[in-house]
Amino acid sequence: MMLDINKFKMINKAYGYAVGDKILINIGNKLEEIFGKTALIARYSNDYFAVLFDYSDNIYTAISKVINKIENIKISNITYNLTVSMGVYKIKEKDKNISAVIDKAIVAHSESKENPYERYYIYDDKLEKIVEEDEKIEGLMYNALMRREFKVYFQPKVFTDTETMYGAEALTRWEHNGKIITPNKFIPLFEKNKFILKLDTYIFEEVCRNMRLWKEELGIEPIISINVSRDHFMDEHFLEKYYMIVAKYDINPNKIDLEITESVAFEEGVDIIEIMNRIKKLGFLVSIDDFGTGYSSLSMIQDMPIDIIKIDKSFIDRIGQKKKNMVDYIIKIAKELNLMTIAEGVETKEQRDYLLEKSCDIIQGYYYSKPLPIHEFEKYLKTNYK
Ligand code: C2E
Ligand code: CA
Ligand code: CA
């Protein structure tokens, strides 16, 4: 069993680390009480515990004991209301490798985390299939990169008022055995196994290479947006690496817009403003992607050296549904801060007209174009980029 406390960070924040440490020690003791001396109990990391125990008893009894004993821990007369998440894997005769066993319990644990109302998840066939699928992809990814199976598609961005082209977003597709695999099938996995660092760098270079060709052959330099994953922000050399690529292809960094998702921009523990300042100093543009889906505070945006806010598709979907719409407010705030606004996922004329009325600067979505493979995008550029 792998278990942790939900939002343990908040406990540390609210009560201080000393109390947090006491709670962890207490949890360790409680686990010994519950599982007895024959079990192997370990603190895996932070507030993450691993328990190896004999489940010949009833496994659900063990789970409910954990909930009852840990969810209202009492220390010096104060009761802390915690909630736990547990992932359980039932070890079988054939399992010989302990780290593979732990991995499966971790997968089950992540599954229980997916649903805030589920305290536990017991590894089952559904997860087995996902793990197998992931292992298959992991077996293919290095070769895929070498064989250049990852392709950059470009989705045009269009000025709302004039309907002329502003630029495009680079989006990755994986072409494997004549089939096209979309990013939702591999990006989350690559974020987990860190392969995203390699893929993002490759895509970044592919984009620069193409930008250079357009500059030479078509004489144009449209602004291209590239997604930067959160892991890149943890890597202090990523900016130097990106800057070297830009220099290699002689691209002006102010033609490249780095899209950073809102959740990354407001992550704790990373001095995001410092990194953004460095990005800006090198001349890149910066966008906040999926804006409105996270917990950003407006005061933080004020302090951030960003250029563009991308309003998340979920808000655009609501246009025309007569629900109270945030789009209006987001655009007003952006204007107040002198930021450009892009609406993503625009599919209908009604949405476009609404965005025009509210003075949203740029539109990206199927209404104008889907992401296009390179040759089609080049045709699009020739006819639309002025
Ligand atoms: P994103 O950055 O939010 O990209 C926008 C997504 O919305 C794209 O999905 C795009 O195809 C889709 N989209 C655009 N207009 C419309 C529309 O009108 N209707 C609908 N229904 N969808 C629309 P896609 O290409 O499947 O990419 C999904 C996500 O995968 C991206 O979300 C991005 O977070 C990630 N991603 C894609 N390529 C890369 C990459 O090279 N690196 C990294 N780190 N992430 C990537
Ligand atoms: Ca994006
Ligand atoms: Ca987005």
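1. In this predicted model, K358 and D328 form a salt bridge through their side chains, with an N to O distance of 3.5 Å. K358 sits in the loop between helix 15 (349-357) and strand 16 (362-364), whereas D328 belongs to helix 14 (residues 327-336), so the contact ties together parts that are 30 residues apart in sequence. K358 is partly exposed, at 23% relative accessible area. D328, at 18% relative accessibility, counts as buried because the limit for that class is under 20%.

2. Salt bridges with shared partners also build a network, which joins K157, E169, D257, E259, K310 and E344. The count for the model is 30 salt bridges.

3. A further bridge pairs E33 with K69, at 3.1 Å from N to O. E33 lies in helix 2 (residues 17-35) and K69 in helix 3 (residues 59-70); the two residues are 36 apart and link distant parts of the chain. K69 is partly exposed, with a relative accessibility of 33%.

4. Within helix 11 (residues 272-282), E274 and R278 are 4 residues apart, about one turn of the helix. Their salt bridge has its closest N and O atoms 3.8 Å apart. Both partners are partly exposed: E274 has a relative accessibility of 38%, and R278 has 31%.

5. The calcium ion (ligand 2) is coordinated by E169 (OE), N227 (OD1), E259 (OE) and D289 (OD), at 2.1 to 2.3 Å. Along the sequence these donor residues follow the spacing E-x57-N-x31-E-x29-D. Of the donors, N227 in strand 11 (residues 223-227) and E259 in strand 12 (residues 256-261) are 32 residues apart and link distant parts of the chain. N227 is partly exposed at 26% relative accessibility, while E259 is buried at 1%. Two of the donors, E169 and E259, also belong to the salt-bridge network of point 2.

6. A second metal accompanies this site: the calcium ion (ligand 3) is 4.2 Å from the calcium ion (ligand 2). D289 coordinates both ions.

7. On the surface, L40, L52, I91 and I98 make a nonpolar patch of about 350 Å². One of these residues, L40, is placed in strand 2 (residues 40-45). L40 has a relative accessible area of 54% and is therefore classed as exposed, a class that requires over 50%.

Notes
Residues numbered from 1 in each chain as written. Chains lettered and ligands numbered in written order. Predicted model: local features only at pLDDT ≥ 70, side-chain atom pairs only at ≥ 80, totals over all residues. Heavy atoms only, no water. Donors = N, O, S within 2.8 Å, 3.2 Å for Na, K, Ca; no water. Buried < 20%, exposed > 50% of the residue type's maximum accessible area, 1.4 Å probe, protein only. Patch = residues over 30% accessible without salt bridge, like charges linked within 9 Å, V, L, I, M, F, W, Y side chains within 5 Å. Areas by Shrake-Rupley, 256 points an atom, 1.4 Å probe, with all protein chains shown as cover. Salt bridge = Lys/Arg side-chain N within 4 Å of Asp/Glu carboxyl O.
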